[in-house]
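Trainee: I am new to this structure and would like a close look at one part of it. Could you walk me through a place where two helices meet?

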Amino acid sequence: MFGKILIANRGEIACRVIRTARRLGIRTVAVYSEADAAALHVAQADEAYPIGPAPARESYLSIPRLIAAAQRSGAEAVHPGYGFLSENAGFAEACAGAGIVFVGPPPSAIRAMGSKAAAKALMERAGVPLVPGYHGEAQDERHLAQAARHVGYPVLIKASAGGGGKGMRVVETPDKFAASLASAKREAASAFGDDRVLIEKYLTRPHHIEMQIFADRHGNAIHLFERDCSIQRRHQKVVEEAPAPGMSDERRHAMGEAAVAAACAVGYVGAGTVEFIAEGHAFYFMEMNTRLQVEHPVTEAITGLDLVDWQLRVAAGEKLPLRQEDVAARGHAVEVRLYAEDPARDFLPVTGRLRRLRMPDAASGLRIDTGVREGDTVSVHYDPMIAKVIAWGEDRGTALRRLAAGLARYRIAGLTTNRDFLLRVLRQPDFVAGAFDTGFIERHRAELLPVPAPAPRLALAAASLALLLEQAGAGSGDPHSPWHRRDFWRLNGASWRDLQWAEGEAPRLVRAYWRGPRYRLEIEGEASDAAAEITPAGDLAIDLDGRRAELTVLRQGDEVTVVGDDGSWRLLYIDPVAPRAAEAAAGGRLSAPMPGKVAQVLAAAGAKVKRGQALMVLEAMKMEHTIAAPADGTVERVNYAPGDLVEEGAELIGFAVEG
Ligand code: MV4
């Protein structure tokens, strides 16, 4: 076994690999970009080396810098994690060239699975079932249209070089074929520099089922059962589970054999995943991922195995620890991916600081794989995943309930997350019944993304009591802030105070009367009896008419975020005395509506512009957003240049309204 390994990755997967290496007594070497000097994976490793600036191209994707760090540290092996260089055959070769073991398959196996069409041809020869279709060399329209007719409509055009749904077109009828082919080819050429396509029968309600496989250098190859990853949106997995609901033993056996045959056909070594789409009783090969996957923990949870342990053993030349007949699964495991993203804004990634990050405690019985801590920043440079949360149970229902109960105990404030969306998925009746396919999220969009409900009485009470407690206590540190006022009960000579909140456009009014240790709260005219205190963890323990709850209340200026078990709400405190500072400021700055990259700057400092005139173009999530003048006026400052990355809320342009 190795004495020291380098992890060529960051975040939760780097922490995950470190955990197993540590247990095996292997020294760990982290690498980090300039954005990650204080990151958790760096703190957890035995040694750490800087590898360059924040953009991944110049750090986590730089083969020479990673190899140099490995050589300096004396690491005998490199674990690539997932993403970044994990499926880069050139990196695997560079490691070998430097005398370092790449913890992964041989470069030839990575390359063999890199092209869809070539992989399908190889799988066909190995007897692995394929979706009826065409993946030959001929690429002229006549030939492909003929293949489509032969397969039968609807058909799917896929980019041969593709992945992740790019260059993919569903064609319902023959008259639409030519136009779809042209647009698929255009997209494939621009995304992959290769416009070749293949044709498949389009399955309308498929499941995404993947088999975990493992192979060693001694000719052994086995599978570790399946995972169902059908709950996706835009080809991003949201929920993963094992076993697949409704999977029969026969089908599992057949899929397992097909997956092992696929691995053997490319001389596979190490951990890999063979993806199938399944519909009815049929299943078909899709692609093979030549890495350890994000969702491997659900397989670990049902088998009791440590897949990183196996990867390291296999890479060190050992035999697989178990034979196929000795691998057993028990119970059910479900994983969700907790992201810094805003479901209400089409799941746009969110950047910012995790001002509050409290995880469910050990009693929740969950496995949480994370690479961030409270206070860390989610930046524009990397994947905004906060954690993978995994629950195991004797049966699927127990696992789902455990996962939902644990997620409900998460307390995150400072940035928007998909937590509430995940909770709605986990409680959706069709999902709970196991009746879903890859179209689940799209089909149930309205139900999973409800219009934001107004903050409940509990949230208004919590925000109000937190404010009163803060004012009664040490204050805010800023003596001019309304939050600092200690004499508030006497402000208006009465024993009550009106707390005016705004939720979006809606005013929300709370009148508070101090009644000894308790309060009488009139929340929008209706009276409640309430008490509250700050817990040692800094949360607000509240009793509202006898109902007790613990909520996180976080204040940023006049904006208050309340996070509870079943939602989070944002309220703006309207100070009756202070001038409308927020409004005054709003005219003077044009800020980034979302994290992104400046594509064009269309006005210079000093320019006089008309209302509605485009000043800057921001590129985010592959879309362009125009920043326009809010009124006639003058551009005072332009703070960014084309190519600059900006965080959400960053001031792009200083602007003075005319007059
Ligand atoms: C398909 C399909 C239906 N029929 N192929 C999407 C990404 C790529 N890896 C394969 N994908 C699909 N291929 C045929 N012949 C439907 C999908 C698909 C999908 C597959 C797995 C998980 C989620 C999906 C969401 C939409 C479409």
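Mentor: Happy to; here is a walk through one pair of helices, followed by a short stop at another helix.

Please keep in mind that this is a predicted model. Our pair is helix α12, residues 396–408, and helix α13, residues 419–427. In general, two packed helices are described by the angle between their axes and the distance between the axes. Here the axes come within 10 Å and cross at roughly 160°. Angles over 145 degrees count as roughly antiparallel, and α12 and α13 are therefore roughly antiparallel to each other. The crossing in which α12 passes α13 is left-handed.

Who makes the contact? From α12 come L400, L403, A404, L407 and A408, and α13 answers with R419, L422, L423, L426 and R427. Sorted by kind, these residues are eight nonpolar and two charged, with no polar ones. When you look at the numbering, remember that an α-helix has 3.6 residues a turn, so residues three or four places apart point the same way.

Now for the other stop, helix α11, which spans residues 307–315. This helix is mostly covered, with eight of its nine residues buried. The buried ones are L307, V308, D309, W310, Q311, L312, V314 and A315. At the start of α11, the backbone nitrogen of V308 has a side-chain oxygen of D306 within 3.0 Å. After the helix comes G317, which has a positive phi near 95°.

Notes
Residues are numbered from 1 along each chain as its sequence is written. This is a predicted model: local features need pLDDT of at least 70, side-chain atom pairs count only at pLDDT 80 or more; totals for chains, interfaces and linings use all residues. Side-chain values use heavy atoms; hydrogens and water are left out. Axes are lines fitted to C-alpha atoms, for helices over the stretch in contact, and angles run from 0 to 180 degrees between N-to-C directions. Helices (H or I, at least four residues) and strands (E, at least two) are DSSP runs, numbered from the N terminus. Angles under 35 degrees count as roughly parallel, over 145 as roughly antiparallel, 65 to 115 as roughly perpendicular and the rest as oblique. A crossing is left-handed if the near helix is turned anticlockwise from the far one by less than a right angle, and right-handed if clockwise. Contact means heavy atoms within 4.5 Å. Ala, Val, Leu, Ile, Met, Phe, Trp, Tyr, Cys and Pro count as nonpolar, Asp, Glu, Lys and Arg as charged, and the others, Gly among them, as polar. Buried means under 20% relative accessible area, exposed over 50%, partly exposed in between (1.4 Å probe, protein chains only). A polar contact is a pair of N or O atoms within 3.5 Å; within protein, one must be able to donate a hydrogen and the other to accept it, and residues adjacent in sequence count only if both atoms are side-chain atoms.
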